[in-house]
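User: I would like to learn how to read salt bridges, cores and a helix in a model. Please take them in turn.

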Amino acid sequence: MNTLHVDLGRTWRGGQKQVWLLLRGLRTRGHGAELLAPRDSPLARRCLAEGFPVHPVGTHAARLQAAYRLRRRLAQERFEIVHAHDAHSLTAAWLARVHCRTPVVASRRLAYPLQPGPVALSRYRVARRVLAVSRFVEESTIRSGLSPDQVEVVYDGVELPPFPAPRARLEARARWGAAPDQPILGCVGYLLPEKGQEILLRALPAVLAEFPSCRLLLAGDGPSRPQLERLARELGVEPAVQFTGFVDAVEQVYAALDVFLFPSRAEPLGSSLLDAMARGLPIVATEGGAVSEVVEDNRNGLLVSERNPAAVATAILRPLRDPALAARLGAAARETIRQRFTADHMVERTLGVYQALTPAEAHP
């Protein structure tokens with residue numbers, strides 16, 4: 001099966017990682033996979049380095065350029081599927097009108113409903129299938145006006161890495177200036193109000209009162225960073241907080257942590273949450289969005305239903321006080337990923353959607 005993938009994101013976030021994992025999984029299974037993406041984007045660079053055919057578009061009028069490149073590439077070669085991985089890519093497919101010849105699949109990984117109005121719906125109706133990354137996103141998309149028959153849940157997936165060796169863990173902690181026995185909390189994500197990092201800062205004084213050497217790593221960058229840095233100063237916790245900025249080798253963050261924190265308000269799913277669970281970290285997360293589809297309270301993580309600093313601090317203190325609890329939660333979290341949320345699961349489910357939309361002779 002020959003597939004053409006479009007992603008117009010210019011940064012490396014969870015969606016781009018899923019495209020990369022999907023392309024690798026398709027190639028491993030003997031399928032063709034090409035990418036249309038902004039020139040010099042992190043996804044384009046990574047795919048080029050791994051030998052995938054990449055068709056670049058510029059940053060000016062990217063959707064129009066992508067539509068032109070899409071039509072041109074489809075005229076040159078036959079593809080069984082065009083997969084639009086973000087809303088801008090779907091707009092490009094809509095402009096190119098590729099639905100007349102090639103089935104379009106669209107990924108939907110946003111928490112909020114589709115934009116109201118006939119134009120937004122007509123774009124999504126170009127897609128033969130819309131792949132929602134969670135039941136939460138599926139329900140939101142259907143409420144926006146799409147047919148339930150058009151929408152299917154395909155959860156994101158992550159690779160299941162080996163546990164870091166003790167030496168690697170010590171090196172990761174040293175990278176962030178932490179002593180071997182110093183408790184380290186961490187959150188990986190774009191710094192935005194809806195990601196909830198503010199509540200972690202407000203919970204930190206109560207944690208420091210019992211564990212004064214505790215550190216909080218906020219890995220990632222984004223528009224909220226200045227406000228968060230100011231809040232850390234106002235709360236008097238600035239010495240205990242490290243804003244790492246964007247970390248390319250993010251495994252160096254996970255390897256250093258004792259507890260992973262996920263305070264997002266309405267997460268579509270959460271790639272960093274899945275990554276942390278795959279590494280066997282105990283999780284403290286706030287309920288909302290699709291989090292409860294992944295985390296079951298007191299089994300493979302701790303869920304906080306009240307979005308207030310006291311409740312979050314209480315949950316954080318539990319695994320810090322009780323190493324046996326932390327180990328039990330971490331082991332169950334990793335097993336959850338192994339059973340339901342690996343990259344192989346994601347690739348197989350996506351491939352099943354492709355095959356349902358194409359003639360049998362296109363299948364190997």
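Analyst: The turns below go through salt bridges, a buried charge, nonpolar cores and a helix.
This is a predicted model, in which local features need pLDDT of at least 70, side-chain atom pairs count only at pLDDT 80 or more, and totals for chains, interfaces and linings use all residues. Residues are numbered from 1 along each chain as its sequence is written, and side-chain values use heavy atoms, with hydrogens and water left out.

User: How many salt bridges are there?

Analyst: Side chains of opposite charge can pair when their charged atoms come close. The rule here is a side-chain nitrogen of Lys or Arg within 4 Å of a carboxyl oxygen of Asp or Glu. By that rule there are 22 salt bridges. One of them joins Arg 167 to Glu 171 (3.2 Å, N to O). Both residues lie in helix 7 (residues 166-175), 4 residues apart, about one turn of the helix; helices are DSSP runs of H or I with at least four residues, strands are runs of E with at least two, and both are numbered from the N terminus. Lys 17, Asp 275 and Arg 279 are linked in a network of salt bridges.

User: Which side chain of opposite charge is nearest to Arg 215?

Analyst: Lys and Arg count as positive, Asp and Glu as negative, and His and the chain ends are not counted. Buried means under 20% relative accessible area, exposed over 50%, and partly exposed in between (1.4 Å probe, protein chains only). Arg 215 is buried without a salt bridge, and the nearest side chain of opposite charge is Asp 258, 10 Å away. Arg 215 belongs to strand 9 (residues 215-219).

User: Which residues have the most contacts inside the largest nonpolar core?

Analyst: In soluble globular proteins, nonpolar side chains tend to be buried together. A nonpolar core is a set of buried Ala, Val, Leu, Ile, Met, Phe, Trp, Tyr and Cys residues joined through side-chain atoms within 4.5 Å. The largest has 65 residues, and Leu 70, Val 104, Val 253, Phe 260, Met 277 and Val 294 have the most contacts inside it. Helix 11 supplies the largest share of this core, 5 residues. A second, separate core of 35 residues includes Leu 200, Leu 201, Leu 204 and Leu 261.

User: What does helix 14 pack against?

Analyst: Contact means heavy atoms within 4.5 Å. The buried residues of helix 14 pack against helix 11 (271-278), helix 12 (291-294), strand 13 (302-304) and helix 13 (309-321). Among those buried in helix 14 are Leu 325, Leu 329, Arg 334 and Ile 337.
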